[in-house]
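Please open the model in your viewer and keep the sequence panel beside it. The tour below goes from the whole chain to single side chains, one selection at a time.

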Amino acid sequence: MSLARPVLVVGAGGFVGSRVARGLAADGRPVLAASRHPLPDGASRAGLVAVRYDTAADLAAAVRAACADAGTPLPGAVVASIGGWHKGAALLDTDPDDWSATLASHLTAHLDVARALVPLLEPGDPYVVLNGAAAREAMAGSGAISVTGAGLAMLVQVLRLEAAQTSAPRFHELVVDHAVAGDDRNEDPAQTRTPAQVVRALGEVLDDPGAPAVVHV
Ligand SMILES: NC(=O)c1ccc[n+]([C@@H]2O[C@H](COP(=O)([O-])OP(=O)(O)OC[C@H]3O[C@@H](n4cnc5c(N)ncnc54)[C@H](OP(=O)(O)O)[C@@H]3O)[C@@H](O)[C@H]2O)c1
């Protein structure tokens, strides 16, 4: 019997990424958890195979090495949980270096990671990018996050279109429209989504080759 190909969660050190990685593993899926930082104690007990990397340039090699060490096949799916939300200065008052840093971490990092990981996947494998409400709703004090989120939505659309022409993976955007419960960085959210709801929506996209390009939870 061949081993199931794992789901690779990138951004597994983040608030959502860490919960998604554990939730998918709790559902019985083999999970590779990629982070630029050491994962907390207990990650391996939760069934996660850690992939430690420094930059997107060494991510593919780190994935291959982790799979070889763990005796698992290469990933059959990617979940990119890269970015996040914070509130700061108004857009016109945003420090240019902070603007550039947000472009790098919330948008360019997604392209760099996709470039690194798509060659590891097979045609039709799912590649799911998480995004947030700020991508579609202008939020005062979160201008750079809204602009990069909107750009990320289009990035996924273009990747999906081009993938259809080149037999690459199927790309999806999973938009979490509300604060994820337990994240204290969200001040007094009107609504929340639990990590379990995010994991359930993600599982449906991973398992359904006909899942929509954009899914909201
Ligand atoms: N938190 C919420 O309430 C919430 C609500 C709705 C939607 N979301 C969405 O969920 C996703 C993740 O958000 P989050 O709240 O988990 O953010 P977070 O806690 O700040 O984590 C984001 C992760 O992104 C990764 N990252 C940042 N810069 C990177 C770079 N240059 N290269 C590679 N990886 C980089 C980091 O992963 P490593 O440090 O592990 O490498 C970091 O842990 C985002 O798309 C966000 O819009 C979150």
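What follows is a set of stops, each with something to select and a description of what is there.

**Before selecting anything**

This is a predicted model, in which local features need a pLDDT of at least 70 and side-chain atom pairs count only at pLDDT 80 or more, while totals for chains, interfaces and linings use all residues. Residues are numbered from 1 along each chain as its sequence is written, and side-chain values use heavy atoms, with hydrogens and water left out.

**Stop 1: the whole chain**

Show the protein chain as a cartoon, and its secondary structure comes to five helices and nine strands; these are DSSP runs numbered from the N terminus, helices being H or I of at least four residues and strands E of at least two. Followed from the N terminus, the elements run β-α-β-β-α-β-α-β-α-β-β-β-α-β.

Reduced to its C-alpha trace, the protein chain spans about 55 × 40 × 30 Å along its principal axes. The radius of gyration is 17 Å, which agrees with the value near 17 Å that a compact globule of 217 residues would have; the radius is taken over C-alpha atoms, and the globule rule is 2.2 Å times the number of residues to the power 0.38.

Switch to a surface, and the accessible area of the protein chain comes to about 10800 Å², with 55% of it belonging to carbon and sulfur atoms; such areas come from the Shrake-Rupley method with a 1.4 Å probe, and for residues only the protein chains shown count as cover. Of the 217 residues, 45% count as buried, where buried means under 20% relative accessible area, exposed over 50% and partly exposed in between (1.4 Å probe, protein chains only).

Among contacts between residues at least 6 apart in sequence, 65% join residues at least 24 apart, a contact being heavy atoms within 4.5 Å.

**Stop 2: the salt bridges**

How many salt bridges does the structure hold? There are seven, each defined as a side-chain nitrogen of Lys or Arg within 4 Å of a carboxyl oxygen of Asp or Glu.

Select Arg-29 and Asp-207, whose side chains meet in a salt bridge at 2.9 Å, N to O. This pair links distant parts of the chain, 178 residues apart, with Arg-29 in the loop between helix 1 (15-26) and strand 2 (31-35) and Asp-207 in helix 5 (residues 195-207). Asp-207 counts as exposed, at 53% relative accessibility.

Next select Glu-173 and Arg-136, where the side chains form a salt bridge of 2.8 Å, N to O. Glu-173 lies in strand 6 (residues 170-176) and Arg-136 in the loop between strand 5 (126-132) and helix 4 (143-166), so the pair ties together parts that are 37 residues apart in sequence. Is Glu-173 buried or exposed? Glu-173 is buried, with a relative accessible area of 2%, whereas Arg-136 is partly exposed at 43%.

For a pair within one element, select Arg-115 and Asp-112, which both lie in helix 3 (residues 96-117), three residues apart, or about one turn of the helix. Their closest N and O atoms are 3.6 Å apart in this salt bridge. Arg-115 is exposed, with a relative accessible area of 56%, and Asp-112 counts as partly exposed at 30%.

To end this stop, select Arg-5, Glu-122 and Asp-125, which are linked in a network of salt bridges.

**Stop 3: three buried residues**

Select Tyr-127 in strand 5, which counts as buried at 1% relative accessibility. Setting aside residues up to four places away in sequence, Tyr-127 touches a list of residues including Val-78, Ala-80, His-110, Val-113, Leu-121, Phe-171 and His-172.

Move to Ala-77, placed in strand 4 (residues 77-80) and buried, with a relative accessible area of 5%. Beyond its neighbours within four places in sequence, Ala-77 is in contact with Pro-6, Val-7, Leu-8, Leu-121, Pro-126 and Leu-206. Its C-alpha lies 7.9 Å from that of Arg-5, although Ala-77 and Arg-5 are 72 residues apart in sequence.

Finish at Ala-163 in helix 4, which counts as buried at 5% relative accessibility. With neighbours within four places left aside, the contacts of Ala-163 are Ala-168, Pro-169 and Phe-171. Measure from Ala-163 to Gly-124, C-alpha to C-alpha, and the distance is 9.0 Å for residues that are 39 apart in sequence.
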